[in-house]
Amino acid sequence: MPRSTSPAVATLSPRRRGPVALGLGILASLVLATRSAAPPVPAVIELKAFMFAPTALTVTVGTAVAWKNLDAEPHTVASIDGAFRSGALDQGESFTFTFAKPGTYRYVCSIHPQMTGTVIVTAPP
Ligand SMILES: [Cu+2]
């Protein structure tokens with residue numbers, strides 16, 4: 001039994017669909033633009049099991065990075081070039097440094113120098 005064509009379908013002309021398609025196009029562009037930007041990274045580095053996690057972190061200029069000690073042992077965060085240096089962080093304590101200049105910042109725990117990490121600071125896009 002043949003189905004009759006619905007008048008509602010007939011009114012979906014390209015002209016009617018135009019604005020919707022345009023809107024979806026803009027939405028898709030926004031999603032793509034968001035995706036192509038640098039992915040959001042956690043600006044928190046955990047100190048646990050005598051390691052910095054993540055070992056290397058990339059952030060943009062102006063980002064505040066927080067190091068949080070989860071170990072029962074105290075740790076410090078000391079940049080090799082002297083850009084930043086925390087005091088001893090007991091378990092649960094944090095140290096925060098805001099990176100104002102692009103560059104590669106290598107750091108260690110001054111108590112356990114085998115603990116090393118890197119923060120890479122990039123200029124804003
Ligand atoms: Cu340490």
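In the predicted model described here, Leu 57 has Val 119 of β8 as its bridge partner, and the two strands concerned, β3 and β8, run parallel and are joined by 5 bridges. Strands (E, at least two residues) and helices (H or I, at least four residues) are taken as DSSP runs and numbered from the N terminus, and two strands are said to pair if DSSP finds at least two bridges between them. The model is a predicted one, in which local features need pLDDT of at least 70 and side-chain atom pairs count only at pLDDT 80 or more, while totals for chains, interfaces and linings use all residues. Residues are numbered from 1 along each chain as its sequence is written.

The pairing of β3 with β8 belongs to an open sheet of 4 strands, ordered β3-β8-β7-β5 and mixed in its pairing. At the edges of this sheet stand β3 (56-60) and β5 (78-79), each of which pairs on one side only. Overall, the chain holds 2 helices and 8 strands, and along the sequence these follow the pattern α-α-β-β-β-β-β-β-β-β.

Another open sheet of 4 strands has the order β2-β1-β4-β6, again with mixed pairing. Its edges are formed by β2 (51-53) and β6 (94-98), each of which has a single partner strand, so that one side of each is left without a neighbour in the sheet. Neighbouring strands of this sheet are turned against each other by 20 degrees on average, direction ignored, where the axes are lines fitted to C-alpha atoms (for helices, over the stretch in contact) and angles run from 0 to 180 degrees between N-to-C directions. Within the sheet, β1 and β4 run parallel and are joined by 4 bridges, with Ala 66 of β4 as the bridge partner of Val 44. By contrast, β4 and β6 run antiparallel and are joined by 5 bridges, and here Lys 68 has Ser 94 of β6 as its bridge partner. The strands β1 and β2 are also antiparallel, with 3 bridges between them, and Leu 47 stands opposite Phe 52 in β2. These two strands form a hairpin with 2 residues between them, in which Ala 49 takes a positive phi near 55 degrees.

The two faces of β1 are distinguished by their residues, with Ile 45 and Leu 47 on the covered face and Val 44, Glu 46 and Lys 48 on the uncovered one. A residue is counted as buried if 20 or more other C-beta atoms, placed from the backbone, lie within 10 Å of its own, as exposed if there are 12 or fewer, and as partly exposed in between. Of the 125 residues of the chain, 17% count as buried. The largest nonpolar core (a set of buried Ala, Val, Leu, Ile, Met, Phe, Trp, Tyr and Cys residues joined through C-beta atoms within 7 Å) has 16 residues, and those with the most contacts inside it are Ile 45, Val 65, Trp 67, Val 77 and Val 119. Two or more residues are given to this core by each of β1 (44-48), β4 (64-69), β7 (103-108) and β8 (116-122).

Contact between two residues requires that their C-beta atoms, placed from the backbone, lie within 7 Å. Apart from neighbours within four places in sequence, Ile 45 is in contact with Phe 52, Ala 53, Pro 54, Leu 57, Val 65, Trp 67 and Gly 117. Among the contacts of the chain with a separation of 6 or more, 48% are between residues 24 or more positions apart.

Two loop residues may be considered in turn. Pro 102, in the loop between β6 and β7, counts as partly exposed, with 13 C-beta neighbours inside 10 Å. Its C-alpha atom is separated by 4.6 Å from that of Val 121, although the two are 19 residues apart along the chain. Asp 90, in the loop between β5 and β6, is exposed, with 12 other C-beta atoms within 10 Å. Beyond four places in sequence, Asp 90 is in contact with Asn 69 and Pro 74.

The chain averages a pLDDT (the predictor's confidence in each residue, from 0 to 100) of 81, and 66% of the residues score at least 70. Over residues 4-14, pLDDT stays under 50, and the model has 3 contacts beyond four places in sequence for this stretch. Over residues 30-34, pLDDT likewise stays under 50, with 0 such contacts. Where pLDDT is low, the predicted coordinates should not be read in detail.
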